[in-house]
Amino acid sequence: MAKILVVDDSRLISHVAKTILTQQGHEVILAQDGLAGLQAAKSEYPDLILLDLIMPVMDGYQMCQNLKEEDSTKEIPVIMLTSKAEPADKVKGLKLGALDYVTKPFDEGELLTRVNIQLRLKQLYEALQEKNRQLQKLANRDGLTDLYNHRYFHEQLSKDFLRAQRYHESLSCILLDIDYFKKFNDTYGHQTGDIVLRDLGQVIKDSIRDSDFAARYGGEEFAIVLYHTDGPAALQVAERLRQMVEHCDVRDRDNVLHVTISLGIATFPHQQIRYYKQIVECADKALYKAKRNGRNRVEGYGTEKLKIVN
């Protein structure tokens, strides 16, 4: 059942409403003016508010307006309780964000019907919001590894890069791919290749901070964005990840597979990196260098003098 806040300065009206609603199994909270009602809405977060319009201290119009201006309360449905017969008063309340009204003294059947309609609409709205969140997650995630996908990586990195420029923050990008990945598919089949990709995705998630983010860039290539991380620190992260992968056995039925990765790093600020696509391009050049120099290694773009400290 629902939690319902009744805001009315009439003790009789409040008692009648509470009795009717409690008999239906609802939890009822009472407040005698708009200010107390507003505080109760913020602390209790009810599923529905029954709100009288004419009250002392703060009337229902002002309370309704304040509710709709607060992020924490703006989605709570409001039903006006009004003894006024003038349509203009009801219209004013509806314009401020109320969804319905009940005229006092109210009929029990009408009150319950209007309450049930708003509670049902709220349930449907919340279900729709959850579906939208799930769809958004699916749109942003790679289905195999559950890392972010290529599109989201570029959307997010473009914003992160602008913020790093504005606030003079360090930002590092790592591109990596699996060494000789084709042999896993050719030797064991694509299903085994998928296991390798999925396990690597989990290792990457385990190796970075919650504040950083990783994506499957495409095929066997992955990307990581490290916030507030300069070149030497990024090299440390990349080398730690390289070692984790090297010492992690991937199991597929009776097969134990040994996987290694090559990694390239680029860090902003850098004189040759002026927009977000350049940091990816530079990380890709460093990745190509790592593969050219023997694979299973880390290379940084323009960081030849930086050494990894174990």
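This is a guided tour of a predicted model, stop by stop.

**Confidence first**

Colour the chain by pLDDT. The average is 91, and 96% of the residues score at least 70. Now select residues 305–310. Here pLDDT stays under 50. The model gives this stretch nine contacts beyond four places in sequence. Where pLDDT is low, the predicted coordinates should not be read in detail. Hide residues 305–310 if you like, and move on.

**Helix α6**

Select residues 150–167. This is helix α6, with 18 residues. From first C-alpha to last, α6 reaches 26 Å, close to the 26 Å expected at 1.5 Å a residue.

Which residues of α6 are buried? Show side chains for Y152, F153, H154 and Q156. Then add L157, D160, F161 and A164, which complete the buried set. The set includes D160 as well as F153 and F161.

What covers these buried residues? Add helix α5 (108–140) and helix α10 (276–292), both part of the cover. Then bring in strands β6 (171–178), β7 (213–218), β8 (221–227) and β11 (261–268), which also contribute.

Step off the end of α6 to H168. This residue follows the helix and has a positive phi, near 55°.

**A jump to S72**

Centre on S72. The residue is in the loop between α3 (60–69) and β4 (78–82). Is S72 buried or exposed? Neither label fits: its relative accessibility is 39%, so S72 counts as partly exposed. Draw a distance from S72 to F161, one of the buried residues of α6. The two C-alphas are 31 Å apart, and 89 residues separate S72 from F161 in sequence.

**Two cis peptide bonds**

Select K104 and P105. The peptide bond between them is cis, with omega near -10°. P105 sits in the loop between β5 (100–103) and α5.

Next, select F268 and P269. This pair is also joined by a cis peptide bond, with omega about 10°. P269 is in the loop between β11 and α10. Both β11 and α10 are among the elements that cover the buried residues of α6.

**Positive phi in two loops**

Go to Y180, in the loop between β6 and α7 (181–188). Its phi is positive, near 55°, although the residue is not glycine. Turn on the surface. Y180 counts as exposed because its relative accessibility is 52%, and the cut-off for exposed is over 50%.

Go on to H228, in the loop between β8 and α9 (231–246). Phi is positive here too, near 50°, again in a residue other than glycine. At 58% relative accessibility, H228 counts as exposed.

**The enclosed cavity**

Rolling a probe the size of a water molecule over the atoms shows where empty space is left. How many cavities of 30 Å³ or more does the whole structure hold? The search finds one. Its volume is about 60 Å³.

Select the lining: V196, D199, L200, V203, V245, C248, V250 and V259. Helix α8 (residues 190–207) gives the most, with four residues. By class, the lining has seven nonpolar residues, no polar ones and one charged. The charged residue to pick out is D199.

**The largest pocket**

Now look for open space. The largest pocket holds about 240 Å³. Select E75, I76, P77, K122 and Y125, which lie nearest its centre. The full lining has 15 residues. Which element gives the largest share? Helix α5 does, with seven residues. The lining divides into six nonpolar, three polar and six charged residues.

**The second largest pocket**

The last stop is a pocket of about 200 Å³. Its lining has 14 residues, and the closest to its centre are Y148, I208, D212, F213 and A214. Show α6 and β7 again: each supplies at least two residues of this lining. The lining has six nonpolar, two polar and six charged residues. That brings the tour back to helix α6, residues 150–167.

Methods
Residues numbered from 1 in each chain as written. Predicted model: local features only at pLDDT ≥ 70, side-chain atom pairs only at ≥ 80, totals over all residues. Heavy atoms only, no water. pLDDT = per-residue confidence, 0-100. Contact = heavy atoms within 4.5 Å. Expected span 1.5 Å × (residues − 1). Buried < 20%, exposed > 50% of the residue type's maximum accessible area, 1.4 Å probe, protein only. 1 Å grid on protein atoms, 1.4 Å probe; cavity = no way out; pocket = protein on both sides within 12 Å on 5 of 7 lines; lining within 4 Å. Points joined across faces, edges and corners; volume = space filled by probe spheres on them.
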